[in-house]
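Subject: Structure handover, with notes on what was found

Dear colleague,

Below is the structure I promised to pass on to you, together with its sequence. My notes follow it, and I would be glad if you read them with the coordinates open beside you.

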Number of protein chains: 2
Amino acid sequence: MDALEALMTTRAMRRFTTDDVSDEMVATCLRAAQQAPSGGNVQALQYVVVRAPEVKAAVAAAYLAAWDRYERVLGAPPSFRTPDDEASWRRTKAASDHLAHHLDDVPIIVLFLLPVIPWTPSDDEGPIDIGPLYASAYPAVQNFCVAARALGLGTTVTTVIRCETEAVRDAVGFPEGWEIVALVPVGRPSGRFGLARRKPVEALTHWDRWGQKRR
Amino acid sequence: MDALEALMTTRAMRRFTTDDVSDEMVATCLRAAQQAPSGGNVQALQYVVVRAPEVKAAVAAAYLAAWDRYERVLGAPPSFRTPDDEASWRRTKAASDHLAHHLDDVPIIVLFLLPVIPWTPSDDEGPIDIGPLYASAYPAVQNFCVAARALGLGTTVTTVIRCETEAVRDAVGFPEGWEIVALVPVGRPSGRFGLARRKPVEALTHWDRWGQKRR
């Protein structure tokens, strides 16, 4: 499929059919993830593909606990600019809630893990901020999701599982000193791919100077 | 162009021709960036497109200062596993050095900016780690770069400019309370697109349990 179309229509999918996803399709998406940029070409990111029912059940239980904790403090934003904004927010929340209660039924869960490593050099003037190691993680997550979309697979990037990291560590057996940067469910989506609702990019783009519109 | 091919062959480009890049091509890449996932659909990321010679010169000078500071502490990694690894590292360093000294000649520089906003809710048990806001920034940077590649444009994701943030703030006029998450040069690449050198993804992938290979 066309590259620009894939980029534009990779939207969060939170409802899936129970159709299976082959290991080979997951491997294709991981190869795309691995080609994403990595600071200093360190390539610190690693991947866990969860398919086995007992492991998936434990990860799904941890995800539901994380979601429940987050949802309790989430509430609604104090005000919505338009009724459409509120409707959109409610749809997303319902879909996120659905995912949290049905993650166990999704064919594949992929965990993206980073080692917690020293990443800030310093000199006589002090630390040199060369950017967060996350800059070498989330591009790979996005490559994974766009590759999946090109194969007709739905995904969504989630991070709330971080507040239940220890339960996932127990389920999967990853060592101390690693953090979960994303949990991505993968399956055949129930809904259709398409443009996600976004602010117009023109309103967020500055040309040459902050606040300056395109000539 | 094909989506998987674009994902696989978006490699860092650090040498560019002086051919112009149209605003419309940049806008196409920004639209792709804007469709990347955003936690809670907050869409906090904003973009500055630098084309004006005097602004570009100031940003390029800040970049060179940042690179010089970083390069002085970089040195060589203590050892290389193979001569190929060392050669690859030296090529990348030479290209990065070239970019730092010629950023002024690149047609377009795009800055990706995030507001520094409170992002961690908490409850009676303490803070709830819902993931870094960077999870809603670097997917957009990657979408931008893959869209550019589909248009035949080269890019590279850089973050070292962060240690010269104040100079860039002066040049571009962005307000306090915003951080630079990436600086991406955009131009027609001198070199060819292709597979970047990466570790085999199989060596970094765990199936169901940490350390377990594919069945």
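Through which surface do the copies meet, and what share of the interface residues of chain A are also interface residues in chain B? Please keep in mind throughout that this is a predicted model. The answer is that 100% of the interface residues of chain A are interface residues in chain B as well, so the copies meet through the same surface. The symmetry can be stated as follows: chain A is superposed on chain B by a rotation of 180° with 0.0 Å of shift along its axis, and the RMSD is 0.0 Å. That is the relation of a two-fold axis. If you would like a residue by which to find the axis, take Ala3(A), whose C-alpha, at 1.8 Å, comes closest to the rotation axis among the residues of chain A.

The interface

The size of an interface is often given as the accessible area lost when the parts come together. Here chain A and chain B bury about 7,900 Å² between them, and 57% of that area is on carbon and sulfur atoms. The contact takes 86 residues from chain A and 86 residues from chain B. Between the two chains there are 56 residue pairs in polar contact, counting pairs in which both residues are at pLDDT 80 or more. On the side of chain A that touches chain B, helix H2 of chain A (residues 23-34) gives the largest share, nine residues. Sorted by class, that side of chain A has 50 nonpolar, 17 polar and 19 charged residues.

Salt bridges between the chains

Side chains of opposite charge can pair when their charged atoms come close. Between chain A and chain B the count is eight salt bridges, and one pair to look at is Glu24(A) with Arg214(B), whose side chains meet at 3.0 Å, N to O. In addition, a network of salt bridges links Asp23(A), Arg51(A) and Asp208(B).

Salt bridges within a chain

Over all chains, a search of the whole structure finds 24 salt bridges. In chain A, the side chains of Asp85(A) and Arg197(A) meet in a salt bridge at 2.5 Å, N to O. Asp85(A) lies in helix H4 (residues 83-102) of chain A, and Arg197(A) in the loop between strand E6 (178-187) and strand E7 (205-207) of chain A, so the pair ties together parts that are 112 residues apart in sequence. Asp85(A) is partly exposed, with a relative accessible area of 26%, and Arg197(A) also counts as partly exposed, at 35%.

A pair within a helix is formed by Arg169(A) and Glu166(A), whose closest N and O atoms are 3.0 Å apart. Because they are three residues apart in helix H6 (residues 165-172) of chain A, about one helical turn separates Arg169(A) from Glu166(A). Arg169(A) is buried at 10% relative accessible area, whereas Glu166(A) is partly exposed at 44%.

In chain B, Glu71(B) and Lys93(B) meet through their side chains in a salt bridge of 2.9 Å, N to O. This pair links distant parts of the chain, with Glu71(B) in helix H3 (residues 53-74) and Lys93(B) in helix H4 (residues 83-102) of chain B, 22 residues apart. Both are partly exposed, Glu71(B) at 23% and Lys93(B) at 22% relative accessibility.

A buried strand residue

Ile108(B) lies in strand E2 (residues 108-115) of chain B and is buried, with a relative accessible area of 2%. Leaving aside residues up to four places away in sequence, Ile108(B) touches several residues, among them Val21(B), Val49(B), Arg51(B) and Pro185(B).

Backbone angles to check

Most residues other than glycine have a negative phi, and most peptide bonds are trans. Asp208(A), in the segment after E7 of chain A, has a positive phi, near 70°, and counts as buried at 5% relative accessibility. Gln43(B) has a positive phi as well, near 50°; Gln43(B) lies in the loop between helix H2 (23-34) and strand E1 (46-50) of chain B and is buried at 9% relative accessibility.

With best regards

How values were computed: Residues numbered from 1 in each chain as written. Chains lettered and ligands numbered in written order. Heavy atoms only, no water. Least-squares fit on C-alpha atoms with pLDDT ≥ 70 in both. Contact = heavy atoms within 4.5 Å. Helix = DSSP H or I, 4+ residues; strand = E, 2+ residues; numbered from the N terminus. Buried < 20%, exposed > 50% of the residue type's maximum accessible area, 1.4 Å probe, protein only. Buried area = accessible area lost by both parts, 1.4 Å probe. Salt bridge = Lys/Arg side-chain N within 4 Å of Asp/Glu carboxyl O. Polar contact = N/O pair within 3.5 Å; in protein donor to acceptor, adjacent residues only side chain to side chain. Nonpolar A, V, L, I, M, F, W, Y, C, P; charged D, E, K, R; others polar.
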